[in-house]
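This report is meant for a reader who meets this structure for the first time. Please look over the sequence and the model before reading on.

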Amino acid sequence: MIIGTVKEVKNNEFRVGLTPSAVREYIHHGHSVLVETNAGLNSGFTNDDYVKAGAKIIKTALEVWNTSDMIVKVKEPLESEFGYLREGLLLYTYLHLAANEALTKALIESKTQSIAYETIELEDHSLPCLKPMSEVAGRLGAIEGAKYLEKPFGGSGVLISGVPGVDQAKVSIIGAGVVGENALKMLVGMGAKVTILDINLKKLTYLDDLYGNRIQTMYSSSDNIERIVKDSDLVIGAVLLPGAKAPKLIKRSYYKDMRPGSVIVDVAIDQGGSTEVSKATYHDNPTYVVDGIIHYSVANMPGAVPRTSTIALNNATLKYGLMIADLGLDVAMNESLPLKKGINVYHGNCTCPGVCEAFGLPLIEI
Ligand SMILES: NC(=O)c1ccc[n+]([C@@H]2O[C@H](COP(=O)([O-])OP(=O)(O)OC[C@H]3O[C@@H](n4cnc5c(N)ncnc54)[C@H](O)[C@@H]3O)[C@@H](O)[C@H]2O)c1
């Protein structure tokens, strides 16, 4: 099979679909790989790195799209890329179709065989190709939170670790899933005083066993959230209700009791955010201030660390990409139920329940 990857065209998207190491794997499996010139530069991979891995560098995106059997990307195609879609082309990338009717239509009408990273689902309902980005966002959230507490960034001027004789920062993490756990790991390492809240007692028990009295676990009731948030220097919002908008657990009325310059890192912003004033921001202007409280709410946090994110993403996506390339989509999906769940558009039919529901399309079972 001919596999192609192109330069991402979305604003501030610096990741790339294939690392040189992933290219080498496809080549070892007997496939050819085309890479648009400079596609990997923003992630620190040069054309030469790809050539050494066995890829062919191609001058234009058009040629890569037209010559490849499967395009491996990071973000969904933008309107400027819709013209590249065609019948039988395999498209393997993040799609988030339930929020994008125009793209859903374009994929259906062009009969592009579309596999979305975010709907590949394991038996235990975990999402293996989303997980690495949550790991990045959780860890980065801790770093950004500590940074925006600094006075030059508008913060309250609290050092996350404190120093001998001075209190460390008080941090609350709401949601103990992948983002929450990864933020916790960083913040404990940085010496913060952390309380982590969730409604899942099993997770709290697990974290209590893991960290003992170095952290405080707490059931996520409205009372507890109010009490803990008001007393926090830094709050990390990391809740997920699968398939639904994030609940607005952090009320604006709490802000007047918080220290001015305290920070809320609203990681769940891609699901609408956890505060009553949540709005998405971008890396070029990542924060806004409401009632003296700094809100960091970048919806695409992993884009700030594209090299780490690209490698982490490839570690998760390569396995399924190779299955598609080696076996063809039809055989591969019969051998792997997780991969089958990743298929959103199949021969011009919508096959993802959430997307069909969002746009009133008939759900076709493959
Ligand atoms: N901004 C970004 O760049 C970025 C990147 C990755 C993930 N995210 C988002 O971060 C959020 C968390 O993702 P995740 O991978 O950690 O999800 P996850 O499913 O692993 O964890 C979510 C946790 O929230 C808990 N929860 C649900 N309701 C709660 C409540 N009322 N109070 C406290 N906890 C509650 C769940 O029990 C679960 O433990 C999601 O919205 C995800 O889309 C954002």
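What follows describes the domains, then the two sheets, and then the surroundings of the ligand.

## Two domains and their contact

The model described here is a predicted one, and its protein chain is divided into domain 1, made of residues 2-111 and 307-359, and domain 2, which covers residues 131-304. Taken over C-alpha atoms, the centres of domain 1 and domain 2 are separated by 33 Å.

Where the domains meet, eleven residues of domain 1 are in contact with eleven residues of domain 2. On the side of domain 1 that touches domain 2, helix α9 (residues 306-327) supplies the largest share, namely six residues. By class, that side of domain 1 consists of four nonpolar, five polar and two charged residues.

## The sheet of eight strands

One open sheet has eight strands with mixed pairing, in the order β3-β2-β1-β4-β5-β6-β14-β15. Its edge strands, each of which pairs on one side only, are β3 (56-58) and β15 (349-350).

At the β15 edge, strand β14 (residues 343-346) pairs with β15 in the antiparallel sense over two bridges, and Tyr-346 stands opposite Asn-349 in β15.

## The sheet of seven strands

Another open sheet, again with mixed pairing, is formed by seven strands in the order β9-β8-β7-β10-β11-β13-β12. Here the edge strands are β9 (216-219) and β12 (287-290), and each of them pairs on one side only; from one strand to the next, the twist averages 20 degrees.

Within this sheet, strand β7 (residues 170-174) runs parallel to β8, and five bridges join the two; Lys-170 has Lys-193 in β8 as its bridge partner. Helix α5 packs on the sheet, where it touches β10 (234-237), β11 (263-266), β12 and β13 (293-296), and its direction makes about 155 degrees with that of β11. Helix α6, for its part, lies across β7, β8 and β10 and runs at about 170 degrees to β8.

## Around the ligand

Which residues come nearest to the ligand? Of the 33 residues around the ligand, these are Ser-134, Ala-137, Gly-177, Ser-220 and Met-301. The elements that give two or more residues to this shell are α5 (131-148), α6 (178-190) and β8 (193-198).

By class, the residues of the shell around the ligand divide into 22 nonpolar, eight polar and three charged. Two of the contributing elements, α5 and α6, have already appeared above, since α5 packs on the sheet and α6 lies across β7, β8 and β10.

Key:
Residues numbered from 1 in each chain as written. Predicted model: local features only at pLDDT ≥ 70, side-chain atom pairs only at ≥ 80, totals over all residues. Near = placed C-beta within 6 Å. Helix = DSSP H or I, 4+ residues; strand = E, 2+ residues; numbered from the N terminus. Nonpolar A, V, L, I, M, F, W, Y, C, P; charged D, E, K, R; others polar. Domains from an automatic or database assignment. Contact = placed C-beta atoms within 7 Å. Pairing = 2+ DSSP bridges. Axes fitted to C-alpha atoms, helices over the stretch in contact; angles between N-to-C directions.
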